[in-house]
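Me: Could you take a close look at one part of this structure for me, the sheets and what packs on them? I'd enjoy a connected walk through it.

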Amino acid sequence: MMNSENQKIRILADPGAMSRAAAETIIGRISECLQTRDVYTMALSGGSTPRRLYSLLTNEAALREQIPWERIHFFWGDERRVPAGHPDSNYLMAYNAMLSKVPIPSTNIHRIHAEDADADEAAADYEIEIRRFFGIEAGQIPQFNCVLLGMGADGHTASLFPATSALVETKRLVVANWVKKFQSHRFTLTLPVFNNAAQILFLVSGEDKADTLKAVLEGDSKTTRFPVQLIQPAHGEVTWFLDHSAASRLKPAD
Ligand code: 6PG
């Protein structure tokens, strides 16, 4: 599963160069999209890798000023079962690194209320929010303009972890996914949503992910050993932004 019609793999020297390449791709797509649309929708990822991208999009004036923030709506691809102010919160990471530093109306920020008492209800509420925002009925799937995703060394993406029930969800847009190793739920958008996105950007850095990345990108595309291999958008584009360490086991490009 190397470069193909709807999939590109970009290998950059380090996490800084990788984040810059992703930032330029995002800005390019935003300006293209907003020529024909009122708003641009983005589902953010959590973890540590995207923080540098979020900071770059805000701290560098030349990049920040190219984005009409008031026309961007932010959602999350997944969230930990913690309150918004908790250090593990994906919302908090993006808020501190980016959203608190740009002129964006709070109504454009659609976070998962991961602190709510009932996890399944919190997931259902987020689905209602997404359906309301996209103006879609039951059975319809929203199309995000852009979804940011990462990958764990175990091949998980968003909070689609190996051997978890969310991997087989085909109806709901959002689920509270029980993850045994955390003894906790993780909130995650589901595969129907990810696979309906117009654009998926993976940001993967670090040698600890190199073996899994080789299996995912060069392995037999007929077998899906890892959840990340289930991300196969029907019409959308996929771009992998990798740093040299993460890409260190890949065959050299032809
Ligand atoms: C999360 C993420 C998760 C992340 C990977 C990679 O909530 O943790 O959404 O899917 O992208 O775990 O995490 P790192 O970027 O920290 O390596």
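Reply: Happy to; here is a walk through the two sheets and the helices that pack on them.

This is a predicted model, in which local features need pLDDT of at least 70 and side-chain atom pairs count only at pLDDT 80 or more, while totals for chains, interfaces and linings use all residues. Residues are numbered from 1 along each chain as its sequence is written, and side-chain values use heavy atoms, leaving out hydrogens and water.

Helices (H or I, at least four residues) and strands (E, at least two) are DSSP runs numbered from the N terminus, and two strands pair if DSSP finds at least two bridges between them. Six strands make an open, parallel sheet ordered β1-β9-β8-β5-β2-β3. Its edge strands, β1 (7–12) and β3 (72–76), each pair on one side only. From one strand to the next the twist averages 20 degrees; axes here are lines fitted to C-alpha atoms, for helices over the stretch in contact, with angles from 0 to 180 degrees between N-to-C directions. Within this sheet, β5 (residues 146–149) and β8 (residues 199–204) are parallel partners over three bridges, and Leu148 has Leu201 as its bridge partner in β8. Helix α1 (residues 15–33) packs on the sheet, in contact (heavy atoms within 4.5 Å) with β1, β2, β3, β5, β8 and β9 (237–243).

The other open sheet has three strands, β4-β7-β6, paired antiparallel. Three bridges join β4 to β7 (residues 184–189), with Asp78 opposite Thr188 in β7. Helix α5 (residues 119–134) packs here, touching β6 and β7, and its direction makes about 150 degrees with that of β6.
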